[in-house]
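Thank you for making the time this morning. I would like to walk through one model with you, going from a single strand out to the contacts between chains.

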Number of protein chains: 4
Amino acid sequence: MDVIEYTPTRDQYAYTFGGVAPVMRVKPGTALRLWSDDAFGGVLRSVDDLSSAKVDLRFVNPQTGPFYVEGAEPGDTLVLHFVAIEPAREWGASAAIPFFGGMTSTDRIATLQEPLPDTTWIYDVDSARRTVGFVARHSDHRIELPIEPMLGTVGVAPTGGEARSSLVPERFGGNMDTPEMRAGSTVYVGVNVEGALFSIGDGHYRQGEGEACGTAVEGAMTSTIIVDLVKGHAPAWPRIEDDTHIMTVGSSRPMEDSWRIANAELVRWVSLLHGMHVMDAYQLCSQITQVPVANVVDANYSVVVKAAKALLPTGDVLGGLHADLRARARSLGTV
Amino acid sequence: MDVIEYTPTRDQYAYTFGGVAPVMRVKPGTALRLWSDDAFGGVLRSVDDLSSAKVDLRFVNPQTGPFYVEGAEPGDTLVLHFVAIEPAREWGASAAIPFFGGMTSTDRIATLQEPLPDTTWIYDVDSARRTVGFVARHSDHRIELPIEPMLGTVGVAPTGGEARSSLVPERFGGNMDTPEMRAGSTVYVGVNVEGALFSIGDGHYRQGEGEACGTAVEGAMTSTIIVDLVKGHAPAWPRIEDDTHIMTVGSSRPMEDSWRIANAELVRWVSLLHGMHVMDAYQLCSQITQVPVANVVDANYSVVVKAAKALLPTGDVLGGLHADLRARARSLGTV
Amino acid sequence: MDVIEYTPTRDQYAYTFGGVAPVMRVKPGTALRLWSDDAFGGVLRSVDDLSSAKVDLRFVNPQTGPFYVEGAEPGDTLVLHFVAIEPAREWGASAAIPFFGGMTSTDRIATLQEPLPDTTWIYDVDSARRTVGFVARHSDHRIELPIEPMLGTVGVAPTGGEARSSLVPERFGGNMDTPEMRAGSTVYVGVNVEGALFSIGDGHYRQGEGEACGTAVEGAMTSTIIVDLVKGHAPAWPRIEDDTHIMTVGSSRPMEDSWRIANAELVRWVSLLHGMHVMDAYQLCSQITQVPVANVVDANYSVVVKAAKALLPTGDVLGGLHADLRARARSLGTV
Amino acid sequence: MDVIEYTPTRDQYAYTFGGVAPVMRVKPGTALRLWSDDAFGGVLRSVDDLSSAKVDLRFVNPQTGPFYVEGAEPGDTLVLHFVAIEPAREWGASAAIPFFGGMTSTDRIATLQEPLPDTTWIYDVDSARRTVGFVARHSDHRIELPIEPMLGTVGVAPTGGEARSSLVPERFGGNMDTPEMRAGSTVYVGVNVEGALFSIGDGHYRQGEGEACGTAVEGAMTSTIIVDLVKGHAPAWPRIEDDTHIMTVGSSRPMEDSWRIANAELVRWVSLLHGMHVMDAYQLCSQITQVPVANVVDANYSVVVKAAKALLPTGDVLGGLHADLRARARSLGTV
């Protein structure tokens with residue numbers, strides 16, 4: 001399998017899902033190696049670069065893409081398998097952006113209070129040790145944290161002619177900001193428009209669940225992805241599979257609705273996959289699910305609900321596609 | 001002042017705010033008389049027309065427009081004064097759409113329960129008595145309700161290249177579904193793109209606050225609107241003024257956030273308008289505001305916060321523009 | 001009808017609904033004239049009295065009561081008719097309490113921001129003009145606002161052995177903070193324990209809907225109340241009736257749940273009262289309700305849903321009890 | 001160290017936190033071995049025992065206790081170390097209770113829909129294999145699930161004279177329903193009243209995060225607990241420590257507020273514990289926390305935020321008390 005490399009120029013980035021012409025056509029089965037800039041477009045390079053001066057929140061999370069997947073039609077399932085997601089810079093950046101994040105009032109949770117201090121942190125990448133260095137701004141603390149690369153945004157064009165900011169997670173995927181979007185995972189997203197028009201971006205060298213301050217260790221990334229397509233079977237909301245778990249992602253407000261969406265999706269998925277009555281699937285899932293919060297800071301909050309395959313009846317998703325993609329990934333020279 | 005009449009053909013409707021080319025250019029100061037179809041595109045004509053069979057929720061609230069306002073630039077304030085909003089059909093329709101509305105689980109408030117029965121109600125318009133007739137579907141009750149016409153959707157193109165469904169209320173206005181959007185009111189909306197690109201639709205012959213079942217007495221409407229423009233002064237969220245009150249509208253989830261947005265907007269508006277410290281404006285507003293809920297059923301919930309001019313210090317909004325528009329409206333032959 | 005007067009001493013106040021012994025036994029049909037202190041226990045007497053120094057939020061809203069209503073048993077309906085609610089002091093107080101109220105982070109909406117400045121406002125009562133005077137703290141503004149007296153808290157002992165702070169609105173009533181709790185209104189609350197054990201307090205000389213800053217124009221009050229009892233018929237949540245409207249109150253979080261509770265209660269009430277199918281009652285209520293927010297600042301948020309009797313079929317609540325109470329009120333010498 | 005055994009009689013259970021006299025006085029340092037009944041009081045013994053017939057939701061989660069801890073005063077920290085939590089019956093029960101749980105409308109998320117079918121599941125305990133058996137009600141599926149015992153409720157008497165149902169999680173602990181409340185964990189709760197008055201119950205043989213259907217594999221339990229007391233240092237919300245993580249628990253509505261509470265608590269804890277500026281602690285926590293949802297079904301939703309000690313600076317909580325308790329636990333003959 002060949003790998004198509006693609007690095008966008010600055011004016012080739014997209015800032016919405018939908019409403020943007022594709023940068024490339026790809027056939028199902030193709031492997032892509034994509035360069036993506038960080039959420040800030042690379043402008044926070046030192047602790048003196050403040051987000052209030054350098055970042056326009058309408059144009060963050062620059063998207064690499066969109067890609068037109070040949071043959072993809074509304075109702076189909078876009079399949080993206082993450083072969084590798086690797087830091088493409090020697091440093092990552094994080095920031096407490098005024099009135100953005102989880103521990104501050106925002107444009108939605110509107111109060112009359114002053115913002116928290118606009119602060120930037122820079123993390124050095126130690127490639128050998130696979131760590132990034134947290135350096136406190138107000139004391140001498142320095143802590144090496146393991147690199148655990150993931151993509152914050154993976155999405156397709158929405159339905160109904162909408163175009164949504166790359167800050168938004170929704171049915172179409174988007175800015176879900178879950179650490180589960182890592183190498184070794186396969187994501188399934190329903191196709192809404194011809195060609196699917198998927199894009200990726202917002203790489204995180206690591207991120208805590210919830211992404212509390214609103215930003216992770218944001219970093220440019222090189223992502224190797226196998227693109228595939230299943231005709232029909234479009235899930236209503238994004239699904240993720242890895243070697244051990246099946247997962248659903250819900251993104252809405254308030255956060256209990258994100259959970260309800262993801263949990264209802266998982267229950268129905270288990271019910272259908274294993275020929276189990278929906279009440280029995282409800283009961284079983286109630287006793288086995290893990291529920292790691294993804295983000296509580298974006299336009300919608302995202303919650304992941306996951307079930308261990310070991311605690312479910314035997315049965316493959318989409319004919320064992322994930323295992324097949326893992327095999328294909330191994331065949332790539334790059335992994 | 002001349003009045004430009006415009007009745008769209010079926011293929012001229014828009015179903016998003018943003019992402020659509022304008023149907024007409026208008027100069028500030030122009031009066032428009034616009035025909036708009038009902039939320040369902042006129043397809044629910046008898047109680048046997050069920051929404052599950054006839055309505056695609058991705059394409060409801062057909063918008064008349066968008067209109068390109070000459071000279072409008074980002075940061076300006078679009079001003080729309082509603083001279084008259086009048087029923088344009090002899091009947092209105094309402095429906096309990098499966099998994100849509102306030103007394104049912106939805107795609108967001110996801111549960112495993114069955115939907116409520118898909119039900120349609122048709123209301124006859126009695127033009128002489130200015131009533132619509134509620135006719136119970138399961139008993140002999142019939143009640144005449146006063147016609148109180150309003151527009152559910154009034155909005156401009158969003159910022160950041162977004163295009164949003166005409167089901168959505170947001171910063172750009174949209175599907176706010178407030179009875180305050182009635183004849184005699186002036187609405188102020190911030191301009192995000194050149195020409196503002198405003199549209200209107202979703203006429204309601206009457207609506208309870210909250211729009212509990214998800215639909216009002218939906219009806220085609222003829223709306224006479226004076227379009228004006230104020231350079232600069234763009235409000236962050238829509239504002240409404242009538243002869244007695246100033247109002248702000250917030251639209252988000254959960255509903256307390258909608259209220260927070262609208263209340264913070266009103267406090268800051270009062271502070272700026274009357275030269276009052278923000279803490280004093282906060283205190284004063286706390287004792288005088290009325291807070292009628294607009295909708296609890298759309299993609300975002302909308303809440304109106306209003307203050308009586310009689311309980312505020314003397315002082316005109318935008319130089320008394322609303323009074324001026326009222327005078328201009330009286331000069332139109334149509335009122 | 002005689003009127004029993006009762007003014008508590010400082011150590012006779014209750015600070016919870018439930019968990020407190022009654023101060024008096026009353027027979028159904030009794031009229032009470034009750035003195036209640038303000039929410040702060042009268043300690044904020046000048047703008048230099050700061051809430052952070054003088055107020056313990058665990059002991060606010062001192063309750064006059066509880067009263068044991070003879071014959072009241074779980075499942076019965078306690079009926080309180082407000083004959084008169086009149087200011088009992090020459091001044092009222094309001095405050096922006098740190099981390100309390102709607103335009104600030106709180107102990108629930110936890111952020112890392114600094115609080116708003118702790119500020120107190122004192123309002124003079126002008127009995128002749130029936131106004132209270134708002135006096136800005138940071139400018140020369142002074143505005144006379146009409147006195148519109150109401151009780152913030154009216155409640156009974158909860159079920160299940162619970163005792164709840166007088167800051168809490170819930171099924172048992174409590175700190176609903178709705179301006180609808182005014183003279184001329186009748187409130188219906190379900191009885192949970194023998195004797196009902198109702199109490200009142202938290203008088204407001206006036207209050208905006210939402211009670212945005214967390215406190216109204218708080219004032220000591222003299223309330224004349226007729227106490228009555230209907231065997232059975234306990235509503236799940238508090239109901240209010242006045243001459244023109246029937247109303248329900250929901251109190252929960254998030255605010256859409258408060259609305260859902262109140263709206264579902266009203267729909268079921270209309271359905272039962274008028275022999276209308278619940279789907280028809282749902283439709284009718286959707287077109288006629290008004291939804292004034294009560295508070296967005298307490299332990300639970302409260303929302304009122306009201307329907308005009310003029311837009312409902314003919315039919316009396318509980319055999320016309322409200323009209324009867326109005327007549328009884330007129331017979332009292334005090335009105 | 002001796003171990004005091006206590007098994008309540010049926011009339012010795014408590015159903016509230018607060019408002020109940022203690023069953024026993026214990027000295028700090030005491031080890032208790034407590035028997036607790038299941039959430040249903042043991043009445044669901046076969047799949048034909050339906051919750052609608054047998055369970056009164058006002059009296060579930062029977063509490064073993066409360067225990068009066070000698071010397072405990074408001075502002076102190078109650079410390080409970082779970083030495084062992086072991087199933088005390090051969091079966092557990094779970095149920096989909098009508099209008100209770102996460103995938104249904106409830107008394108709060110009020111809709112007009114029908115409830116899900118009232119259904120009971122019984123799980124056999126296989127002590128040798130340490131599994132419970134899920135048996136589908138509508139198909140032949142049977143799955144052995146690992147026993148992972150935990151306590152749903154651990155709490156003290158609330159402040160301000162409140163008494164709260166044992167269904168409620170709050171500042172005082174209570175029905176948090178987190179799988180982190182397992183053997184090997186130490187919980188810290190602030191003392192509100194003299195003697196603390198703690199109780200435990202609601203054992204779960206296993207539970208998925210979120211407790212989606214509203215009930216876990218509910219089972220009677222034998223819990224061995226070391227009770228300790230730290231003067232002062234009362235945390236505002238419950239904290240948990242195990243060998244690898246420190247954790248905070250927030251319980252409120254909507255769920256983002258539960259998270260905000262827990263996250264703000266963790267940030268401040270890390271800041272204080274490690275002498276780190278709160279903005280730096282905010283940043284560090286943002287990159288390292290795990291956020292497993294505890295429950296989305298109780299009166300308040302509970303969210304856990306946890307940080308790995310390995311990713312924090314070196315530094316012991318309360319002088320290494322947890323490690324000391326682990327050592328004391330090992331010295332008990334029972335482990």
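Let me start with a narrow question: which residue of E16(C) does Leu151(C) stand opposite? Before I answer, please keep in mind that what you have in front of you is a predicted model. The residue is Gly203(C), which stands opposite Leu151(C) in E16(C).

That pair sits in a wider arrangement around strand E11 of chain C, residues 150–155. E11(C) runs antiparallel to strand E16 of chain C, residues 196–204, and 5 bridges join the two. E11(C) is also joined to strand E14 of chain C, residues 173–174, again in an antiparallel sense, here by 2 bridges. Within that second pairing, Val154(C) stands opposite Gly174(C) in E14(C). As for exposure, E11(C) is mostly covered, with 6 of its 6 residues buried.

I would now like to stay in chain C but move to a helix. Helix H3 of chain C covers residues 278–288, and 10 of its 11 residues are buried, so this helix is largely enclosed by the rest of the structure. The buried residues of H3(C) are Met279(C), Asp280(C), Ala281(C), Tyr282(C), Gln283(C), Leu284(C), Cys285(C), Ser286(C), Gln287(C) and Ile288(C). What do they pack against? Part of the answer lies within chain C, namely helix H2 (255–274) and strand E21 (301–308), while the other part lies across in chain B, where E7, E8, strand E9 (131–135) and E10 take up the packing.

That brings us to the interface of chain B and chain C, to which each of the two chains brings 61 residues. The area buried between chain B and chain C is about 5,100 Å², and carbon and sulfur atoms give 65% of that area. Between these two chains the count of salt bridges is 0, whereas there are 40 residue pairs in polar contact, counting pairs with both residues at pLDDT 80 or more. On the chain B side, the elements that each supply at least two residues are strand E7 (91–96), strand E8 (119–126), strand E10 (142–146), helix H2 (255–274) and helix H3 (278–288). Of these, H3(B) gives the most, with 8 residues. Sorted by class, the side of chain B that touches chain C has 34 nonpolar, 20 polar and 7 charged residues.

Let me turn to chain A and chain D, where 61 residues of chain A are in contact with 61 residues of chain D. Chain A and chain D bury about 5,100 Å² between them, with 65% of it on carbon and sulfur atoms. How many salt bridges are counted between chain A and chain D? The count is 0, and the polar contacts across this interface come to 40 residue pairs, both residues being at pLDDT 80 or more. For the side of chain A that touches chain D, the largest share, 8 residues, comes from H3(A), and the residues on that side divide into 34 nonpolar, 20 polar and 7 charged.

I will finish with one residue of chain D, Asp124(D), which is found in strand E8, residues 119–126. Asp124(D) has a relative accessible area of 43% and is therefore partly exposed. Leaving aside neighbours within four places in sequence, its contacts are Glu90(D), Thr131(D), Val132(D), Gly133(D) and Arg142(D). Glu90(D) lies 34 residues from Asp124(D) in sequence, yet the C-alpha to C-alpha separation of the two is 6.2 Å.

Note on methods:
Residues are numbered from 1 along each chain as its sequence is written. Chains are lettered from A and ligands numbered from 1 in the order in which they are written. This is a predicted model: local features need pLDDT of at least 70, side-chain atom pairs count only at pLDDT 80 or more; totals for chains, interfaces and linings use all residues. Side-chain values use heavy atoms; hydrogens and water are left out. Contact means heavy atoms within 4.5 Å. Buried area is the accessible area (1.4 Å probe) that two parts lose on being put together, summed over both. A salt bridge is a side-chain nitrogen of Lys or Arg within 4 Å of a carboxyl oxygen of Asp or Glu. A polar contact is a pair of N or O atoms within 3.5 Å; within protein, one must be able to donate a hydrogen and the other to accept it, and residues adjacent in sequence count only if both atoms are side-chain atoms. Helices (H or I, at least four residues) and strands (E, at least two) are DSSP runs, numbered from the N terminus. Ala, Val, Leu, Ile, Met, Phe, Trp, Tyr, Cys and Pro count as nonpolar, Asp, Glu, Lys and Arg as charged, and the others, Gly among them, as polar. Buried means under 20% relative accessible area, exposed over 50%, partly exposed in between (1.4 Å probe, protein chains only). Two strands pair if DSSP finds at least two bridges between them.
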